[in-house]
Amino acid sequence: MVRNLLVALALPLLAIGDAAAAEPAASGEISYFKQVLPIFRAKNCTGCHQPAKRGGDYVMTDFATLLKGGESGTAAVVAGKPAESELIAQITPKDGKAEMPKDGTPVTDAELTLIKKWIEQGAKNDTPASNAQRYDAEHPPEYLAPPVLKAVKFSPSGDVLAVAGYHEVLLHKPDGSGLIARLIGESERIEAIAFSPDGTQLAACGGSPGRFGEVQIWDIAKRELKLSKIIGYDTIYGVSWSPNGKVVGFGCPDNTMRGIDPATGEQVLFNGAHNDWVLDTVFSVNSDHIITVSRDMSMKLVEVGTQRFVDNLTSITPGALKGGLIAIDRHPTKDELVCGGADGEPKIFKMVRTEARKIGDNANLLKEFPAQPGRIFGVAYNKDGSRIAAGSSKDGRGEVRVYDTTNFQQVWKVEVPEGGVYTVDFRADGQSLAVGGFDGEVRLLNTADGSLITKFLPVTIKQTAAK
Ligand code: HEC
């Protein structure tokens with residue numbers, strides 16, 4: 001009930017493409033934080049003008065540098081004087097086209113008027129102190145406590161282990177022997193990570209709850225943010241990379257599934273068939289389809305080329321579904337899918353329907369495993385498809401189970417009494433399984449028997465002075 005109410009309230013905001021219109025000013029005083037900054041995000045200004053990218057050496061994610069300007073040396077914002085502000089010059093059309101945003105949707109007349117008015121009124125910063133903290137390579141996030149780990153992911157070759165932190169993705173050596181790099185971006189929370197099939201790039205999705213969603217594309221060798229795409233006003237989930245490398249798909253809390261071209265950021269996929277948050281996505285072996293799971297309990301199949309909904313892979317019988325779905329992964333070489341969610345039962349589905357749908361059937365279901373305690377938050381296949389792993393959480397305790405996919409027998413299970421398990425991933429060599437969750441420790445388990453190879457905190461905890 002409460003959740004439905006929240007969703008209903010959020011919808012009018014999400015439905016409006018024009019960010020300026022999202023928060024009408026009551027008093028006539030323009031709010032930077034509520035009205036101007038959302039335009040800079042929606043038009044992707046902050047995607048290019050941030051510490052990790054520095055388009056034109058101009059950083060718009062910090063208020064002082066937003067005013068100061070970039071390489072031209074002219075002040076971007078002169079309080080009280082829109083006509084002398086370089087930022088206004090850059091977004092005002094000349095001969096029908098504005099300089100900024102570079103390669104994007106231009107600001108509307110209404111947005112331009114609003115930004116000018118904000119400058120006229122003195123260009124005041126009303127950002128709440130709690131939102132003003134900025135992080136970059138020189139000012140990395142500090143941890144007073146271990147971060148909750150929502151995603152751990154090995155690179156395709158297995159030579160890097162990426163771990164989602166706070167405002168960053170941490171690249172670790174795959175045996176836990178040391179930190180390689182910190183990829184620090186705008187999003188407070190990173191919900192999911194996906195490597196490009198060739199392992200040269202990494203996609204991370206997340207955002208800042210209630211403010212913006214973001215997909216980041218990083219160049220791993222250069223440790224450089226190639227692209228930041230702001231999407232909507234809330235956190236983005238379940239990023240995946242198509243095997244042909246051409247599309248990065250993800251799920252949104254406005255119930256849509258979307259995809260972008262990772263080279264340009266252009267949106268190339270959009271489908272609204274789900275009726276609750278879309279939490280995870282994966283592509284078919286040949287990249288022609290994307291499969292999505294949602295809090296609405298269903299798994300859906302969408303054709304990439306036409307963006308059309310094809311089929312429900314889960315049953316459509318009323319009452320047959322038991323709780324929202326949270327995680328999905330695909331067999332490395334076959335269109336078979338493992339998923340998990342609120343009912344705690346890992347399930348394997350085939351993607352292609354081989355018989356006509358009859359009401360009451362569940363023809364795509366290949367195997368339903370026994371329920372684990374609580375909800376399943378992470379599932380993964382190993383590289384040759386012979387094993388699946390599922391990680392779950394109940395009342396602050398976690399559990400990991402590994403199954404053989406040839407005979408569907410359980411190989412082992414391991415309890416994690418220190419906290420719920422939110423993410424699992426096999427290393428390419430098949431020897432280790434990385435596990436992350438509530439307590440912030442990355443555990444590397446031996447895939448043969450589940451024994452602990454090692455565990456480590458992916459971040460350094462700042463020691464506070466003893467009281
Ligand atoms: C795709 C990346 C990209 C996007 C999106 C983008 N910019 Fe830029 N911006 C640049 C680059 C690169 C430059 C450097 C000049 C150039 O190459 O044209 C620049 C230059 C500027 C400058 C001049 C800075 C100086 O002092 O030299 C301003 C002001 C500016 N951008 C504002 C904006 C605003 C406002 C938006 C959003 C409406 C925006 N930009 C969106 C990439 C981008």
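**Note on the predicted model: ligand site, iron coordination and helix α2**

1. The chain is divided into domain 1, covering residues 2-126, and domain 2, covering residues 152-456. The centres of domain 1 and domain 2, taken over C-alpha atoms, are separated by 34 Å. The model is a predicted one, and the points below should be read with that in mind.

2. The surroundings of the ligand come next. Of the 18 residues around the ligand, those that come nearest are Cys45, Cys48, His49, Ser72 and Met100. By residue type, this shell divides into eight nonpolar, eight polar and two charged residues. Helices α3 (45-48) and α5 (86-91) each supply at least two residues of the shell, and the largest share, three residues, comes from α5.

3. Oxygen atoms of the ligand have polar neighbours on the protein, and both backbone and side-chain atoms take part. A polar side-chain atom of Ser72 lies 2.7 Å from an oxygen atom of the ligand, while for Gly70 a backbone N or O atom lies 2.8 Å from a ligand oxygen. Lys102 places a polar side-chain atom 3.1 Å from an oxygen atom of the ligand.

4. Which residues are the protein donors of the iron atom of the ligand? They are His49, through NE2, and Met100, through SD, lying 2.0 to 2.2 Å from the iron. This pair links distant parts of the chain, since His49 is in the loop between α3 and α4 (63-68) and Met100 in the loop between α5 and α6 (109-120), with the two positions 51 residues apart.

5. The site of the iron atom is octahedral, with angles of 86 to 178° among its six donor atoms. For a reader who wishes to judge that range, the ideal angles for six octahedral donors at a metal are 90 or 180 degrees.

6. Are the two protein donors buried or exposed? His49 has a relative accessible area of 11% and is therefore buried, the cut-off for that class being under 20%. Met100, by contrast, has a relative accessible area of 24% and so counts as partly exposed.

7. Met100 also gives a reference point for distance across the model. The C-alpha atom of Met100, a residue found in the loop between α5 and α6, is separated by 52 Å from that of Pro373, which lies 273 residues away along the chain.

8. Helix α2 (residues 32-42) is largely enclosed by the rest of the structure, because nine of its eleven residues are buried. The buried residues are Tyr32, Phe33, Gln35, Val36, Leu37, Pro38, Ile39, Phe40 and Arg41, a list in which Gln35 and Arg41 appear alongside residues such as Val36 and Leu37.

9. The surroundings of α2 in sequence also deserve a comment. At the N-terminal end, Ser31 caps the helix, with a side-chain oxygen 3.4 Å from the backbone nitrogen of Phe33. After the helix comes Asn44, whose phi is positive, near 65°.

10. A last point concerns Asn312, which has its place in strand β15 (residues 309-312). With a relative accessible area of 15%, Asn312 is buried, and a polar contact of 2.7 Å joins its side chain to that of Lys300.

Notes. Residues are numbered from 1 along each chain as its sequence is written. This is a predicted model: local features need pLDDT of at least 70, side-chain atom pairs count only at pLDDT 80 or more; totals for chains, interfaces and linings use all residues. Side-chain values use heavy atoms; hydrogens and water are left out. A residue is near a molecule or strand if one of its heavy atoms lies within 4 Å of it. A polar contact is a pair of N or O atoms within 3.5 Å; within protein, one must be able to donate a hydrogen and the other to accept it, and residues adjacent in sequence count only if both atoms are side-chain atoms. Helices (H or I, at least four residues) and strands (E, at least two) are DSSP runs, numbered from the N terminus. Ala, Val, Leu, Ile, Met, Phe, Trp, Tyr, Cys and Pro count as nonpolar, Asp, Glu, Lys and Arg as charged, and the others, Gly among them, as polar. Donors are N, O and S atoms within 2.8 Å of the metal (3.2 Å for Na, K and Ca); water is not among the atoms, so sites may look incomplete. Four donors count as tetrahedral if all angles lie between 85 and 135 degrees; four count as square planar and six as octahedral if opposite donors are over 155 degrees apart and all others between 65 and 115; anything else is irregular. Buried means under 20% relative accessible area, exposed over 50%, partly exposed in between (1.4 Å probe, protein chains only). Domain bounds come from an automatic or database domain assignment.
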